[in-house]
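Hello,

As promised, here is the structure we talked about, so that you can open it alongside this message. My notes on it follow below.

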Amino acid sequence: MHEYSLTRNIIETAAEYAGGAKVRKITLVAGEASGVSGESVRLYFGIIAENTPCAGAEIEIESVRPMLRCKSCGTLFERKPFSFECPCGGEGEPTEIGREFYIKSVEVG
Amino acid sequence: MPPPERVIDTPEESNTVKIDVMRSVYDKNERLAAEFNAKLTGRRVFCVNVLGAPGAGKTTVLIRIVEALGASAFVIEGDIESDIDARKLKALGIPALQINTGGACHLDAPIVADAFLGAPSAGEAGRASGRAGDTGKVSADAGRDFSGGFLFIENIGNLVCPAEFMIGEHVKLLVCAVTDGSDKPYKYPLAFEKADIILLNKCDLLEYIDFDRDFFLNGVRKLNPSAPVVHVSGKTGAGIGEAVKWLRDRAQNIIGS
């Protein structure tokens with residue numbers, strides 16, 4: 001649901017960086033725990049980008065697996081459902097890895 | 001805003017130019033949230049973003065808190081539709097303003113700031129997903145002149161998206177009911193991780209339902225080692241005093257008495 005307003009921001013930011021040129025491609029980085037659905041962004045993008053410098057641009061989404069950091073051994077590991085346990089037996093805490101949602105680059109011209 | 005810094009890579013085979021952006025999609029909202037927060041702090045208004053699933057008892061708990069605070073308070077109610085909550089608060093003499101998002105799943109900084117400050121910025125990006133409801137008219141006289149007190153913003157009932165968007169708050173207060181189930185921290189980790197205080201509501205029902213308190217608290221602690229978890233009942237008022245004390249202390253630290 002919240003992809004609508006996020007997609008608007010993506011389009012505005014990309015257009016700003018393009019400085020009047022046409023945006024050909026936007027590369028996003030979206031962590032799997034960012035709560036953002038790539039399909040939903042693409043759907044809204046097609047609609048909102050009409051009549052903007054971003055119309056028809058390709059959207060590439062690089063996904064990032066979420067990681068916890070073990071408080072005992074420091075290793076980064078993927079969380080299993082209903083568990084925070086590290087393979088070493090220690091306990092993991094959340095990190096920002098897998099949470100990110102940013103515009104990596106735009107191709108213009 | 002400063003003009004974007006352009007880092008231009010070697011053009012690929014076509015004549016397009018690749019520009020590194022590396023900017024969070026939440027960037028703009030966060031900037032507006034910080035501006036609104038600074039305005040509130042300047043007026044000595046302590047702002048609480050109230051999160052929770054639909055039916056967790058956010059409004060009932062809020063009413064209890066406001067009644068127990070003994071300080072001036074203003075409430076912004078966010079809902080997809082209806083002004084039921086704002087009318088309920090106003091009937092109790094609590095100044096309130098309703099925002100209807102018309103479908104959007106969360107409040108964002110521009111819609112809250114505009115509604116509260118009573119200065120809609122026409123054409124401001126990010127507002128299209130929201131509109132102030134009929135009761136939004138009260139904002140012009142109520143919110144704009146409010147100072148020296150507590151501003152509670154009851155977010156849309158949803159454990160997912162509202163946790164992502166800052167709306168000018170000093171703290172996030174999460175209301176989770178025992179009837180929601182003890183697995184919620186595992187299923188919706190972000191809301192639990194970002195909360196500054198968690199109110200476990202409807203504790204008067206604990207003896208009637210299967211709520212695994214240890215499983216719940218264990219999940220909360222893994223995500224959030226510092227937020228107090230206060231057992232409350234919106235119905236009986238149990239535990240509200242403890243929550244109010246925490247809010248007063250925190251407000252004192254941030255905006256003074």
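Which side chain does the side chain of Glu169(B) join in a polar contact of 3.2 Å? The partner is Asn49(B). Before going further, please keep in mind that this is a predicted model. I will start with the surroundings of that residue, then move through chain B, and finish with chain A and the place where the two chains meet.

Around Glu169(B)

You will find Glu169(B) in the loop between strand E6 (149-154) and strand E7 (171-177) of chain B. Besides the link to Asn49(B), the side chain of Glu169(B) makes a polar contact of 2.7 Å with the side chain of Lys172(B). If you set aside the neighbours within four places in sequence, Glu169(B) is in contact with Asn37(B), Cys47(B), Val48(B) and Asn49(B). Is this glutamate buried or exposed? Glu169(B) has a relative accessible area of 9%, and because the cut-off for buried is under 20%, it counts as buried.

Strand E6 of chain B and its partners

The strand that comes before this loop is worth a look too. In E6(B), 6 of the 6 residues are buried, so the strand is largely enclosed by the rest of the structure. Strand E2 (residues 45-52) of chain B pairs with E6(B) in the parallel sense, over 6 bridges. Within that pairing, Val50(B) has Glu154(B) as its bridge partner. Strand E3 (residues 73-79) of chain B also runs parallel to E6(B), and here the pairing covers 5 bridges. If you want a place to start in the viewer, Ala73(B) stands opposite Phe150(B) of E6(B).

A covered helix in chain B

Next, have a look at helix H4 (residues 109-117) of chain B, which is mostly covered, with 9 of its 9 residues buried. Among the buried residues of H4(B) are Ile111(B), Val112(B), Asp114(B) and Phe116(B). Both ends of this helix have something to show. At the N-terminal end, Asp108(B) acts as a cap for H4(B), with a side-chain oxygen 3.3 Å from the backbone nitrogen of Ile111(B). Just after H4(B) comes Gly118(B), which takes a positive phi of about 65°.

Chain B as a whole

Stepping back, chain B contains 9 helices and 9 strands. Of its 257 residues, 54% are buried. Among the contacts in chain B with a separation of 6 or more, 73% are between residues 24 or more positions apart.

A small sheet in chain A

Chain A has an open sheet of 3 strands in the order E4-E3-E5, with antiparallel pairing. Its edge strands are strand E4 (76-77) and strand E5 (92-94) of chain A, each of which pairs on one side only. Strand E3 (residues 68-70) of chain A is joined to E5(A) by 3 bridges, and the two run antiparallel. There, Leu68(A) has Pro94(A) in E5(A) as its bridge partner.

Where the chains meet

How many residues of chain B are in contact with chain A? There are 39 from chain B, and they touch 35 residues of chain A. The area buried between the two chains is about 3300 Å², and carbon and sulfur atoms give 62% of that. Val21(B), Val25(B) and Lys222(B) supply 21% of the area that chain B buries against chain A, more than any other three residues.

On the polar side, the two chains share 4 salt bridges. Glu12(A) forms a salt bridge with Lys28(B), with the closest N and O atoms 3.2 Å apart. The count of residue pairs in polar contact between the chains, both at pLDDT 80 or more, is 12.

The elements of chain B that give two or more residues to this side are strand E1 (17-24), helix H6 (184-187), helix H7 (189-194) and helix H8 (213-223). The largest share, 8 residues, comes from E1(B). By class, the side of chain B that touches chain A has 19 nonpolar, 8 polar and 12 charged residues.

Finally, the strand E1(B) also pairs across the boundary between the chains. Strand E6 (residues 101-108) of chain A and E1(B) are antiparallel, with 6 bridges between them. In that pairing, Val108(A) stands opposite Val17(B).

Happy browsing, and do write back with any questions.

Best wishes

Technical notes: Residues are numbered from 1 along each chain as its sequence is written. Chains are lettered from A and ligands numbered from 1 in the order in which they are written. This is a predicted model: local features need pLDDT of at least 70, side-chain atom pairs count only at pLDDT 80 or more; totals for chains, interfaces and linings use all residues. Side-chain values use heavy atoms; hydrogens and water are left out. Contact means heavy atoms within 4.5 Å. Buried area is the accessible area (1.4 Å probe) that two parts lose on being put together, summed over both. A salt bridge is a side-chain nitrogen of Lys or Arg within 4 Å of a carboxyl oxygen of Asp or Glu. A polar contact is a pair of N or O atoms within 3.5 Å; within protein, one must be able to donate a hydrogen and the other to accept it, and residues adjacent in sequence count only if both atoms are side-chain atoms. Helices (H or I, at least four residues) and strands (E, at least two) are DSSP runs, numbered from the N terminus. Ala, Val, Leu, Ile, Met, Phe, Trp, Tyr, Cys and Pro count as nonpolar, Asp, Glu, Lys and Arg as charged, and the others, Gly among them, as polar. Two strands pair if DSSP finds at least two bridges between them. Buried means under 20% relative accessible area, exposed over 50%, partly exposed in between (1.4 Å probe, protein chains only).
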